[in-house]
Each structure stands twice: as structure tokens, then as C-alpha cells.
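Please take a guided walk through the model shown below, with the viewer open beside the text. Each stop says what to select next and what is to be found there.

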Amino acid sequence: MSKSTHLNRRPPSWNGYATAIVFTGWMGLSAISAAAASRWWDTDPAAGVGGSATWGTTFSTVAAGNLALTTAAAADDTIFEGTPGTITLNGNQTANSLTFNTTGYKITGNNTNARTITGPTTLAAAVNLTVGNGETTDLSIGLGNVSGGAGSSLTISGSATGGAVTRFNLSTGTAPAVSVPIVVTGSGFANIASGTAGAVVSGSVTGNGARLNLGATSGNAITFAQKIENGAGTVRISAGSSGGAGVVTLSGAGNAWGATELNNAASGILRVGAANALPTATTLTFGATATNGNSIVELAGFDATVGQLTNGPQSGGILRNTSATAAKLTISGSDTSAAAFNGSLQDGVGGGALRIQRSGTGTTILTASNIFTGSTSVTGGKLTLAASGTPALANTSAVSVTAGTLLLGASDQINNLASVTLGNAATFDVGGFSEGSSAADGLGSLILSTSGGTANLDFGVLGTGASNLRFGGVGAHDGKLSITDYDLGTDHLYFAGLPSSFDFTQSNVSFNGGTGFSTISFTGGFELLPVPEPTTILGAFGLVAFVVFRERRRLVGSKV
């Protein structure tokens with residue numbers, strides 16, 4: 001660019017920046033009326049603009065350069081062109097605006113302290129601005145609004161390693177926004193975070209395949225409105241190298257990365273702002289480090305699918321809906337892995353229920369009490385309830401197992417349900433369940449929706465412990481129930497009522513692999529007890545016992 005071109009360049013417009021001055025408190029009210037001067041980044045006044053230097057007495061008053069360099073004032077419009085170089089911040093700086101007309105400039109700091117430049121940044125068409133200069137230690141550079149022409153972009157040089165991150169911080173102005181694409185380079189970790197409320201990244205984000213941190217500090221928020229891609233790399237929700245208690249909202253579609261780690265403080269929130277904003281195969285891990293585990297994930301009325309739900313070194317965490325619209329979390333990992341989640345699944349505020357579905361082929365283990373009121377379904381894989389002391393599914397509206405297995409891995413894990421529906425080849429694995437005697441704590445009706453197939457009721461996974469299983473009755477059915485691995489003298493099966501079409505001795509139920517029930521009982525006085533038949537008959541719990549039961553019922557009526 002010739003010097004004559006510089007001389008004819010009009011300085012950036014004042015329009016649009018007066019409001020920013022008022023809200024960020026850069027100057028007193030008298031400064032609003034002050035005329036903004038143009039200052040050109042100039043490291044060699046004899047040669048004109050451009051180059052690498054520390055921000056200070058590094059600006060010329062004319063585009064062609066002069067011999068009396070000056071410091072840019074807060075009201076000045078700063079222009080960066082000519083030969084691109086590295087701008088080193090030895091302290092926080094303020095300008096009315098920053099305009100980059102040449103691609104290749106970099107902004108960095110002179111130590112590990114956070115550095116900020118207050119003032120909106122504009123990139124000319126096809127211009128790239130880089131945050132960082134390949135540092136491997138913690139680096140934090142804060143800017144306000146970043147906008148640009150066609151083909152412009154912002155690069156974060158993510159070369160930090162270990163626990164360090166190269167952090168781009170939207171930290172100045174009111175509701176700052178980045179409307180240009182963000183690209184992460186280098187082999188280390190990068191961080192995009194907000195130090196203000198209402199920050200928005202409306203450009204796409206492309207990571208480098210290493211860990212990418214997204215976060216907001218306490219009381220602040222950031223929204224990612226477009227697609228985020230990070231290859232197979234991890235995305236960690238964290239405002240810095242650790243922690244962060246603000247709100248991160250994902251509103252873009254088609255997000256793609258590997259694992260998702262939650263490293264927020266207890267009040268930190270990852271909010272889903274669009275359907276399936278999380279990658280459908282990601283493992284959602286609460287408590288990614290030993291110091292931060294009680295993060296919150298909010299579906300906010302949008303369905304989400306993840307591969308697995310689990311905890312890292314730190315226990316706890318909450319996944320909730322927080323919307324008047326119902327939302328469903330589907331856990332769909334198609335592998336043979338098993339993972340435990342010891343946080344809580346909740347409806348949250350807003351009135352919309354949370355629903356849970358386990359599909360795929362993996363195993364998800366819920367080890368704490370959950371208070372969501374939507375339905376629970378298993379369409380593949382295994383959902384294991386292993387909470388201690390309180391039911392893992394105390395309030396869910398209904399349970400259906402159309403494929404795969406629902407395993408009750410501890411006592412009193414499921415109660416007060418409207419129904420339990422079993423489909424073809426589905427397994428309801430009683431495990432260590434011990435419901436007790438209270439009808440109020442029962443499981444509702446057992447519904448066989450098997451389309452002529454067979455559903456499995458399994459008593460034996462956890463060995464020979466007593467299992468008292470109480471159903472409200474047997475609802476509509478068009479298939480068979482196979483009861484397996486029951487043990488004489490320990491297992492008790494209760495039905496509050498049976499329809500007249502339900503026949504234990506013929507087509508509806510078969511008993512396999514067990515040695516007989518201690519008790520099968522029905523309301524109305526019908527109770528089937530083992531009879532002193534030969535061992536072979538008791539072992540099969542076969543037709544003789546049932547015929548005795550049916551004949552005694554026919555002859556005696558409602559009492560045995």
C-alpha cells in the first residue's frame with residue numbers, strides 16, 4: 001500500500017462507538033463530544049506503519065509515518081496495516097476502535113497476567129487476526145466486539161500445554177460479539193470465554209483437535225450460535241485452566257467433537273439452546289477434575305442425545321430440563337462400555353418434564369436419587385438403578401422396556417409407577433430389589449406389549465437375595481412372560497389383580513431356570529404356595545402346582 005493511499009484513507013467512522021464509550025466508562029461525559037484522532041501502528045517512523053513492538057509510544061499521527069511517535073489515547077481510532085507484526089501488551093489498553101487492514105497481525109501479552117484491549121475491533125475483508133504467539137504457558141487476551149468483512153477470521157494460537165490454556169476472553173463492552181469465524185491452531189489447548197454478561201460468538205468455531213475450553217466467569221454468560229467442530233478432541237466447559245461459574249449456551253446445529261467434560265464450579269451451567277446441540281456420540285462427563293464436579297446441564301426444552309453419561313474424579317452434578325416444554329435425554333452409546341452417573345436427573349423449574357431413554361448397546365448406571373417426572377424407557381443396552389437408600393426412579397411417570405434390560409441393582413429403586421411395559425425380548429431384571437409389603441410402594445401394572453413374543457422377568461442377576469416384587473396387576477397383553485432364575489424360599493411375586501384372560505398355566509407365563517417361588521399372591525385371597533410335590537415338579541414349578549391352584553380356586557372361590 002503506497003503512502004499516498006494512506007494519506008487519502010478516511011479514518012474509521014465514529015458512528016456506532018459513542019454508545020460503547022458511555023456504557024464501558026472509558027471516559028467522563030465530556031469525552032463524548034471530543035473528536036477522535038486517527039493513529040497508525042508504527043514501529044519505525046522513518047519507514048511508515050507496521051511491524052512488531054510493545055503497545056506504548058508506537059503510533060504515528062499520519063499514515064506515512066513521522067518522527068514523533070505517540071501513545072494512542074482512549075478516544076483515538078487505531079489502524080493496523082503495512083507490514084504485519086506482533087502487538088505485545090504490557091498492560092491493559094483502550095482505544096475508540098481498532099481496524100486491521102493487513103492480514104497476519106498477532107496480539108499477545110508480556111507475561112502471564114490477563115491483558116485486555118477495550119474498544120471494538122474491525123477486520124477488513126480477507127484479514128486474519130491472531131490471539132497469541134505460540135506461547136506454551138497461560139495467556140489471556142481480552143477484546144470486545146470483533147467484526148469483519150468477507151473472508152476475515154480470528155485465530156487463537158492454542159499452543160499451551162499441561163494445565164495451561166491460550167485464552168481469548170470477551171471481556172470488554174456491553175454484550176460483546178464475535179461475528180467472524182474463529183479458528184484454533186497449534187497443538188495445545190485454547191479457551192474461548194466470557195468475562196461479561198451476554199457475550200455472543202455468532203461465527204463458527206473450528207478447533208485444532210486438542211482440548212478446547214468454552215466458559216464464562218461467575219455471573220457472566222456466553223452463547224455459541226453457530227457450529228463448533230473440534231475433530232475427535234475434547235470440549236471442556238471451563239472458563240480457564242480450571243473452574244468457571246457462568247453460563248455457556250450451545251445454540252448451533254451440527255456440533256462435532258469427542259468427549260464433553262464439565263469442569264465448572266457448582267453453579268456453572270452448560271445450557272442446550274437447540275435440539276441435539278451436543279454431539280450425539282459424545283460422553284458427557286461431570287466432574288472432569290478433582291476440584292470441580294457439581295456442574296449443571298440444562299436441556300431448556302430441547303431434546304439431546306449423548307453416547308454416555310458419567311462422572312470423572314469428582315462426584316455430583318445435575319442434569320435438568322428447566323423449561324415449560326418437555327425434553328428428553330437419550331443415552332445411545334453403541335458399544336459394550338459401562339459407566340456410572342452419581343449426579344441427579346431433574347425436571348428443574350418451568351414445569352416441563354424430563355424424560356430419559358437408554359438405547360444402543362452400552363450400560364448406564366444411575367447411582368443417586370432422581371426427581372424427574374417424565375417417562376423412563378429402555379430401547380437397547382442396559383439401564384441399571386443402583387442408588388442406595390432412596391429410589392433412583394421415585395417419580396418417573398412410567399417405565400417401558402421394549403428392548404435391552406432394566407436392572408434393579410439395589411433395594412427400593414423403583415416405586416409409585418403407573419405401569420411397567422415389557423416388549424419382545426426385553427428384560428426386567430429384578431436383581432437386588434426388595435420392595436417390601438406396602439402396596440403404595442408398588443410398581444403399577446405389568447403390561448406385556450410383546451406382539452406375540454416373550455418378555456423376560458429375571459430374578460437372578462445378583463444371586464440368591466430375597467426379592468419381593470409387587471405389581472398392581474397385569475394390564476393389556478398379547479405375548480408371553482418368561483420368569484427366570486427364581487429361588488425357592490426367597491423370591492416373592494405379588495399381583496394386586498389379574499384379568500380373567502390371564503392364565504399362569506397355559507400360554508401367558510413360563511418358568512425357566514429356577515427352583516420355585518416362596519409365594520405368588522393375588523388380591524382377593526388367592527395365594528399360591530409350594531406344595532409338597534416331588535423335587536422335579538417343584539423345580540420346574542410346572543403344571544401340577546398350577547393345576548392344584550386353579551382347581552382349588554374353582555372349588556373354594558375367593559379363598560384358598
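## First stop: Asn264

Begin by selecting Asn264, which is buried, with a relative accessible area of 2%, a value that falls under the 20% limit for calling a residue buried. The structure on the screen is a predicted model, and Asn264 is placed in it within the loop between strand 27 (260-262) and strand 28 (269-272). If you now display what surrounds Asn264, leaving aside the neighbours within four places in sequence, you will find it in contact with Ile237, Ser238, Gly243, Gly244, Ile269, Leu270, Asn292, Gly293 and Ser295.

## The whole chain

Zoom out to the whole protein chain, in which there are 4 helices and 51 strands. Of its 560 residues, 54% are buried, and the accessible surface comes to about 20400 Å², with 53% of that area belonging to carbon and sulfur atoms. Among the contacts in the chain with a separation of 6 or more, 63% are between residues 24 or more positions apart.

Colouring by confidence is a useful next step, since the average pLDDT of the chain is 80 and 74% of the residues score at least 70. Select residues 436-441, where the pLDDT is below 50 and where the model has 10 contacts beyond near neighbours in sequence. Then select residues 524-560, over which pLDDT also stays under 50, and for which there are 55 contacts beyond four places in sequence. Where pLDDT is low, the predicted coordinates should not be read in detail.

## The sheet of 10 strands

Turn next to an open sheet of 10 strands with parallel pairing, whose order is 7-10-13-16-19-22-25-27-29-32. Strand 7 (93-94) and strand 32 (308-311) stand at its edges, and each has a single partner strand, so that one side of each is left without a neighbour in the sheet. Strands of a sheet pair through backbone hydrogen bonds, either parallel or antiparallel.

Within this sheet, select strand 10 (residues 115-118) together with strand 13 (residues 139-143), which pair in the parallel sense over 2 bridges, and look for Arg115, which stands opposite Ile141 in strand 13.

Is strand 19 (residues 190-194) mostly covered or mostly open? Select it and you will see that it is mostly covered, since 5 of its 5 residues are buried. Both faces are covered, with Ala190, Ile192 and Ser194 buried on one side and Asn191 and Ala193 buried on the other. Add strand 16 (residues 166-170), which runs parallel to strand 19 and is joined to it by 5 bridges; here Thr166 stands opposite Ala190. Then add strand 22 (residues 212-216), which is likewise parallel to strand 19 and joined to it by 5 bridges, with Ile192 standing opposite Leu214.

Before leaving this part of the chain, select Arg211 and Phe189, where the charged end of Arg211 sits over the ring of Phe189, 4.1 Å from its centre.

## The sheet of 8 strands

The next selection is an open sheet of 8 strands, again with parallel pairing, in the order 2-6-9-12-15-18-21-24. Its edges are strand 2 (53-54) and strand 24 (228-229), each with a single partner strand, so one side of each is left without a neighbour in the sheet. For a pair inside this order, show strand 12 (residues 128-131) and strand 15 (residues 153-157), which pair in the parallel sense over 4 bridges, and mark Asn128 with its bridge partner in strand 15, Ser153.

## Last stop: the aromatic rings

Finally, show the aromatic side chains, among which the count comes to 10 aromatic pairs. Trp55 and Phe59 form an edge-to-face pair, 5.2 Å centre to centre with 65° between the planes, and both residues are buried. The rings of Trp55 and Phe80 have their centres 6.1 Å apart and their planes at 50°, so this pair is tilted. It links distant parts of the chain, for Trp55 is in the loop between strand 2 and strand 3 (57-60) while Phe80 is in strand 5 (residues 77-80), 25 residues apart; Trp55 and Phe80 are both buried. To end the tour, select Trp41, Trp55, Phe59, Phe80, Phe100 and Tyr105 together, which form one aromatic cluster.

Key
Residues are numbered from 1 along each chain as its sequence is written. Side-chain values use heavy atoms; hydrogens and water are left out. Buried means under 20% relative accessible area, exposed over 50%, partly exposed in between (1.4 Å probe, protein chains only). Two strands pair if DSSP finds at least two bridges between them. pLDDT is the predictor's confidence in each residue, from 0 to 100. Contact means heavy atoms within 4.5 Å. Accessible areas come from the Shrake-Rupley method with a 1.4 Å probe; for residues, only the protein chains shown count as cover. Rings of Phe, Tyr and Trp (its six-membered ring) pair if their centres lie within 6.5 Å; planes under 30 degrees apart count as stacked, over 60 as edge-to-face and the rest as tilted. A charge sits over a ring if NZ of Lys or CZ of Arg is within 6 Å of the ring centre and within 35 degrees of the ring normal.
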